[in-house]
Amino acid sequence: MCKNINSPYAHSFANNTDFKIRHRQIFSGIILHQMNSVSYERVCTVCNKNDETLEHIFLTCPICEVFIARVQNLLTDNCKLSSKDFTDWDWTWLFGFSHKKGGINTTLINILLSIARHTIFIARNYALFEDVQINRWLFFTSMVKSHLRLLKDAFKATFQETFLANSSLCELDQSGELMLLF
Ligand SMILES: [Zn+2]
């Protein structure tokens, strides 16, 4: 589990969010309300339906479930994830794959999942603190694309084997440029 968090491939902002999730350092609505009941409600500002706990923010908020399902589809369609990889989905969604698994690129998938969690957190912060709705899918795909481009430049020699194996999210063209296919 800690291996993921110290991965040299992780996105630094997303990695910070993961650290907060793992150490339960996210100030949920319930905690904020306990600290300052005048300024903060217990209820989730994303869905306005349920009390906001850490689990609600990242797993069960109905607005986020749509986004989570879309990420799942992306992984199924492009990263060879199958239904058996989803058996412990809540855990995988929150923490990523802690061990390599044959036939799937867990390095790439862990990067995607980490950025997806970060997306949920940023969207929730915009809703809570700015009363602004952001487009999660656009935020997520933009961040994944820019991070993969950065990794391609940083890990030129091993990029293909490390990040492109068993996935169809992107490919290198003949001149070595990264083509993103999603
Ligand atoms: Zn909610």
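**Close-up views of helix 7 and its neighbours**

Of the 25 residues in helix 7, 18 are buried, so this helix is largely enclosed by the rest of the structure. The legends below take you around helix 7 in this predicted model.

**View 1. Helix 7 from end to end.** Helix 7 covers residues 106–130. Its 25 residues reach 35 Å from the first C-alpha to the last, close to the 36 Å expected at 1.5 Å a residue. Just after the helix comes Asp131, and here the phi angle is positive, near 55°.

**View 2. Helix 7 packs against helix 8.** Packed pairs like this one are described by two quantities, the angle between the helix axes and the distance between them. Here the partner is helix 8, residues 136–154, and the two axes come within 9 Å and cross at roughly 140°. That angle makes helix 7 oblique to helix 8, because only values over 145 degrees would count as roughly antiparallel. The crossing of helix 7 with helix 8 is right-handed. On the helix 7 side, look for Ile111, Leu112, Ile115, Ala116, Thr119, Ile122 and Ala123. Helix 8 answers with Arg136, Phe139, Phe140, Met143, Val144 and His147. Sorted by class, this contact between helix 7 and helix 8 holds ten nonpolar, two polar and one charged residues.

**View 3. Helix 5 packs against helix 7.** Turn now to helix 5, residues 62–78, which packs with helix 7 at an angle of about 165°, the axes lying 11 Å apart. Helix 5 is therefore roughly antiparallel to helix 7, as the angle is over 145 degrees. Helix 5, too, passes helix 7 in a right-handed crossing. Cys64, Phe67, Val71 and Leu75 of helix 5 meet Ile109, Leu112, Ala116 and Ile120 of helix 7. In this contact of helix 5 with helix 7 you will find eight nonpolar residues, no polar and no charged ones.

**View 4. Phe129, an exposed residue of helix 7.** Phe129 belongs to helix 7. Is this residue buried or exposed? Phe129 is exposed, because its C-beta has 9 others within 10 Å, and a residue counts as exposed with 12 or fewer. While you are here, find Tyr40 as well: 89 residues separate Tyr40 and Phe129 along the chain, and their C-alpha atoms are 9.9 Å apart.

Methods:
Residues numbered from 1 in each chain as written. Predicted model: local features only at pLDDT ≥ 70, side-chain atom pairs only at ≥ 80, totals over all residues. Axes fitted to C-alpha atoms, helices over the stretch in contact; angles between N-to-C directions. Helix = DSSP H or I, 4+ residues; strand = E, 2+ residues; numbered from the N terminus. Parallel < 35°, antiparallel > 145°, perpendicular 65-115°, else oblique. Left-handed = near helix turned anticlockwise from the far one by under 90°. Contact = placed C-beta atoms within 7 Å. Nonpolar A, V, L, I, M, F, W, Y, C, P; charged D, E, K, R; others polar. Buried ≥ 20, exposed ≤ 12 C-beta atoms within 10 Å, placed from the backbone. Expected span 1.5 Å × (residues − 1).
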